[in-house]
Every structure is written in C-alpha cells, then in structure tokens.
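I sat down with this one and a fresh notebook page. Here is what I looked up, in the order I went.

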Amino acid sequence: MRVVVENLSRSFGSSKVLRDLDLTLEPGITGILGPNGAGKTTLLRILSTALAPSKGSIKVGGWDLSSPHGRTEARRRLGYLPQEVGYYPRFTVFQLVDYIAILKELDDRGERHRRVRTAIDAVGLSAVAGKRIKTLSGGMRRRVGIAQAIVADPELLLLDEPTGGLDPEQRMRFRQLITSLSADRTVVLSTHLVEDIAAVCTSVVVLWQGQALFHGQPAQLRERADGMVWLADAVPDSALLSWRTEEGAVRVIGPRPSAAAVAIEPTLEDAYLLVTNCAPTDAQLR
Amino acid sequence: MSYHLDPTHHPLEELSQVRAGVVLAPQAMEHLAQCAACEQFVAQELPLDLDRVFAGVLAELHAPRTTSLERALCRLRLPVWLARSITAAPALQGSWLACSVVVISLAALVGGLHGSSGNAVPPLLVLAPCVVAAAVAFCYGPRVDPLFELTQVTPASRTVALLARMGAVIGVNSVVIAVASGLAGGPVAAFAWFPSMAAVSLLSAVIAARTRPVVGVGAGLVIWTSAVLAVSSSGLRVTSALWGAPAQLCYGVAALGCGVLLVHWIRHERVFLLPQAGL
Ligand SMILES: Nc1ncnc2c1ncn2[C@@H]1O[C@H](COP(=O)(O)OP(=O)(O)OP(=O)(O)O)[C@@H](O)[C@H]1O
Ligand SMILES: [Mg+2]
C-alpha cells in the first residue's frame, strides 16, 4: 500500500509541529528517525487518522483522508501502535486484542479468536494471554500493543516507538516479526534507535523540527557522512561534533580536523548526527 | 473411545481449533502417549508444537467472558463492537453507578422527608442534572477512555459510539432517578426532572468535548446551580419558575441545540482532540 503525503502541516496553537512535508511511503519498512519533539508521533497520528492535519493532503492506498469515507476505508486497512497504549484495568491481554479485533470488523467469533491467538503468539505472549494487562511489565504491555496492531492483518502498519521498553531478545524477535510482515505491506515505525533503522528498515526519513531532512535508503544516509568522520588525538575547534571514544581517541564529525586525523568508515549514527547538526535552526525555519 | 490422528483430516488444524482443542486435545495427548503408530506419525509428518496447541486451548479458556449487560445488548441486536464499547464506558461501571444511586437516593429521601413545604428547592430536581452531567462528561473521550486513541483509528463510527454511550448513561440514570423519586413520593410531577437533566448534561458534554471532562462538568454545574440560586433568591415560586412549562421548553431547545452541535463536531472530527503523547 502506497502512502502519499503532500504539503502536510500541523500546528498546535502558534507552534508549527509539521512543516510542509512531502513524503511517498512505499511497501517495505520506513523508519522515522528524529530527536524528541521532532514531530514523529504527530506524523504517525495523522497517518493513522487519529489526528487531523492543519493543511495538506494524505492518500493511503488511494483513499483520501480528507473525506469521511476515505478515512473509514483507510481505517479498515491500517494497524496502529500509539506511543502509549492504555488499557482497562479489568481487561486481559486476550480481551484487549479481541476488543480491537471487534472494532476492526472481525465479526465472526471463531475466526476472530483464531486471529487474536495468532497475534498474541506472534509477540510471544501466549503464556500470559489470560492475565490482566495491569499485572504485566512495561515491555510486555508494549508487545500487547503490537499484537493489537497486527491482529486484523493490516496493509499499512504504523508503529510509534515499537521497541521502546523491549529487552534485547524481544527487540530481536520484534525485528524478525516486522521483517516477516513487511513482505507485502507498508510498515512505518518511529524510533530514536539508529540500530532499529539499520536492522530492519528499507527506507529512512530523518525528521527534524517537522521537516524531512532526508528520505532514502539507510545506505544512502550513511553515504552522506563519507569523508566526514575522523579519528583525531585532540578535540578540534572546527568539528560539528566530537567525543572521546572508549579507546581514548577523539571521534570527529565534520571537516578534516587536522593533518594527522585519520578518515574512518561512517556509521548510520554518524550520518544521522551529521544531517541533524547541519539542519537549519528554528529561527532560520521561521 | 478410540482416537487416531488421521492425516487426511488435518489433525493439526483440528487440534489447534478452539473448540476441537478443548474437547479433543486431552484425548489426543492421552492417545499419543499410548499409540506408537500415531506417535511416529506425529514425529515424522507433523511439526506439531504441543506448547502452541495448549497455548491455544489456554487462550480460549481465557477468552473474554462477556458481561451479562453486553449479552443483553447483543440480544437487542446491537453490534458486538457497540455492546462492548457501551459496557466499557467508565460512567457505566458498577462503582460509578453505585455512587450515582447513593446520591440520587439520598436526594430523593431528603426531598420526601421535607415534602413540598413552602418555596423549598426539591433536592432531587437540583441534584439529578448534576449527577447525570458528570456521568455524561465522563463517558467518552481521550481523557476518559484509556483505549481512546486505538478506537479512533478503527472503522467503528465515532458518532454512533458517542451517542450510544451517552444514551446508555442517560437511560440508566433516568431509570435510577425515576425509581428513586417514585419511591420517595416526591412533590413534583414525574419526569419533570428530565428536560433540565438533559439540557445540563448535554451542555456539560459539549464543553467537555472541547476542553476536558472536569471543565465540562464544572461549567454545567456552575451554570445550573447559579440558575437555581438566582431563582430561589428572587422570590419567584421555584418549582414553577424552574420546572414549569416555559422553563421545560427552554431546556428542551437547549438540549437539542447542544446535541446537534456535538454530533456536528464529532462528524467533522473537530472535538475530543488527543492530548500530547507522554504527558
Ligand atoms: N496535542 C498536542 N497539543 C499541543 N502540542 C502538542 C500536541 N502534540 C504534540 N505537541 C507538540 O508537538 C511537538 C512534537 O511532538 P511529538 O510528540 O510529535 O514529537 P516526537 O517526535 O514524537 O517526540 P518524542 O521523541 O519525544 O516522542 C512537541 O513540541 C509537542 O509539544
Ligand atoms: Mg513521539
């Protein structure tokens, strides 16, 4: 399913959170990477139809989200994990996923329960399916949220910080799950973790103060930092960013800090830091 | 009874099926332990993950026990999603309803004891709108419903969900008020409380939809009690000024206006805005 965003803006009062965004999201996994307050949650809320844009147009698989009919059709085809999933204290894991499955129009009880069990199994929570959600750990609740997002087999899967609070093993399981799901659907996930992007994403959007600073493949993002990452002996004045590594050398992002500095292979994180540190300031954007 | 795993009958699927799992899985397990042929068949032919099968059985055993209210609503031909949405409303939970019953009963009792002496304000008539306004403002919205954000992105109609919850809350509370006032033999004609209750509740709901439930309830209560105090201190006859035919007509118009406004807003998705994530 293709998602086309054109000229999208969203403001809260006088603060502009998304600024004239143009994005085309294709089937595969797109990671939205950005610092706190960049507008990731706002963008995902708008794509999920939970929030209306202030301006601009969004088409989800050809359905225009500005019309009530378009929104309903898009809602039939999407799964959404909010940044925070609430729960009713008396609900068990099964009940919550089942409730969302009912709202997603899975009316046949037998088939619905089969799908609910499959989704709970996919996130490794079968053993606690009958437990009340309030008794589960934060990471387990996150997995309940992922289960409800995938229960209706959505063509568009929107996940806001899906790996937040997951232990390393669960993060790995989640990545396997998402990769297996992404074959024929569009997955959009927001994260602060560059490792998430490197591990699973086929495309990455770097969001900065409501603007897409970069949209392309992770390898293309990494290439942006080619010839811009160095190991030096001392902290230079000219660097955009520099920090001392565990080995004692200084890692520098920016132009060559000194003749003795050695160029090194950039990581995705280096490229992300480079792109966001070269971004226009808030004052320039205004 | 003899039980053999028959490859032509897709036993795995059968075993993992909900009902078949509950009924057959223990028999199948027992049989597997005793029958070498089946055991060999399972080992060679089937990727039978018994943990998974039992997890399926357990999950079904833990599947939601629908409440009797939900079943009753489904029997009234309400769709399952709506029945569950209604029964999940905070203002329809046992503890909330119990509080409403206590307040309304006390008001009816006090009113009954005092009778229709002089120009006294009937407590039930004053309190009924307040109790229902609070319940209506707390029946729907992002600050009330922990699953609100999730439910908003489903194809289920927001307008229907809101109206159904409000209708259920007003209906249930109306029954409580009617019974309480009937038992206490109140001074004012039956159901005179209804229009004022509807007007104050819907006014609170409209304000709550734009702001927060507490603001909605607070505003509704302030407006209503101010009106009651103003009339009772003005020397007018309270019951006829506040619950006479002209007043009832005004309440009716106000309730209708607020209802129409609320439906218009929710259809255009202009209200019940999500608060900032993480706050
Ligand atoms: N409902 C709201 N009302 C007012 N301001 C909001 C609302 N939602 C978001 N904002 C503002 O929009 C900006 C972006 O918020 P958003 O939650 O989209 O960022 P984010 O990239 O998801 O951040 P984080 O990484 O911390 O989750 C913030 O400055 C926030 O204060
Ligand atoms: Mg966020």
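The entries below cover a sheet, the nonpolar cores, two backbone angles and one whole chain.

**Entry 1: the sheet in chain A.** I kept in mind from the start that this is a predicted model. I began with the strands of chain A and found four of them in an open sheet, ordered E2-E1-E4-E5. The pairing is antiparallel. Which strands sit at the edges? I noted strand E2 (15–25) and strand E5 (63–64) of chain A, each with a partner on one side only. I then looked at strand E1 (residues 3–12) and strand E4 (residues 55–60) of chain A, and counted five bridges between these antiparallel strands. In that pair, A:Val3 lies opposite A:Val60 of E4(A). A reminder to myself: strands in a sheet pair through backbone hydrogen bonds, in parallel or antiparallel fashion.

**Entry 2: the cores.** Next I asked which residues have the most contacts inside the largest nonpolar core. They are A:Leu43, A:Leu47, A:Ile58 and A:Leu159, in a core of 147 residues. I followed A:Ile58 further and, leaving out residues up to four places away in sequence, listed its neighbours. Among them are A:Val3, A:Val4, A:Val5 and A:Leu8, along with A:Ile46, A:Leu47 and A:Trp63. A:Val3, the residue opposite A:Val60, thus turned up again as a contact of A:Ile58. There is also a second, separate core of six residues, including A:Trp230, A:Ala232, A:Ala239 and A:Val252. In soluble globular proteins, nonpolar side chains tend to be buried together.

**Entry 3: two positive phi angles.** Most residues other than glycine have a negative phi, and I wrote down two that do not follow this. A:Glu105 has a phi of about 70° and belongs to the loop between helix H3 (93–103) and helix H4 (109–122) of chain A. Its relative accessibility is 35%, so A:Glu105 counts as partly exposed. B:Phe272 has a phi near 55° and sits in the segment after helix H14 (245–267) of chain B. Is B:Phe272 buried or exposed? I have B:Phe272 down as buried, because its relative accessibility is 10% and the cut-off for buried is under 20%.

**Entry 4: chain B as a whole.** I finished by looking over chain B, which has 14 helices and zero strands. Of its 279 residues, 46% are buried. For contacts in chain B with a separation of 6 or more, I noted that 70% join residues 24 or more positions apart. The accessible surface of chain B is about 13700 Å², with 66% of that belonging to carbon and sulfur atoms.

Technical notes
Residues are numbered from 1 along each chain as its sequence is written. Chains are lettered from A and ligands numbered from 1 in the order in which they are written. This is a predicted model: local features need pLDDT of at least 70, side-chain atom pairs count only at pLDDT 80 or more; totals for chains, interfaces and linings use all residues. Side-chain values use heavy atoms; hydrogens and water are left out. Two strands pair if DSSP finds at least two bridges between them. Helices (H or I, at least four residues) and strands (E, at least two) are DSSP runs, numbered from the N terminus. A nonpolar core is a set of buried Ala, Val, Leu, Ile, Met, Phe, Trp, Tyr and Cys residues joined through side-chain atoms within 4.5 Å. Buried means under 20% relative accessible area, exposed over 50%, partly exposed in between (1.4 Å probe, protein chains only). Contact means heavy atoms within 4.5 Å. Accessible areas come from the Shrake-Rupley method with a 1.4 Å probe; for residues, only the protein chains shown count as cover.
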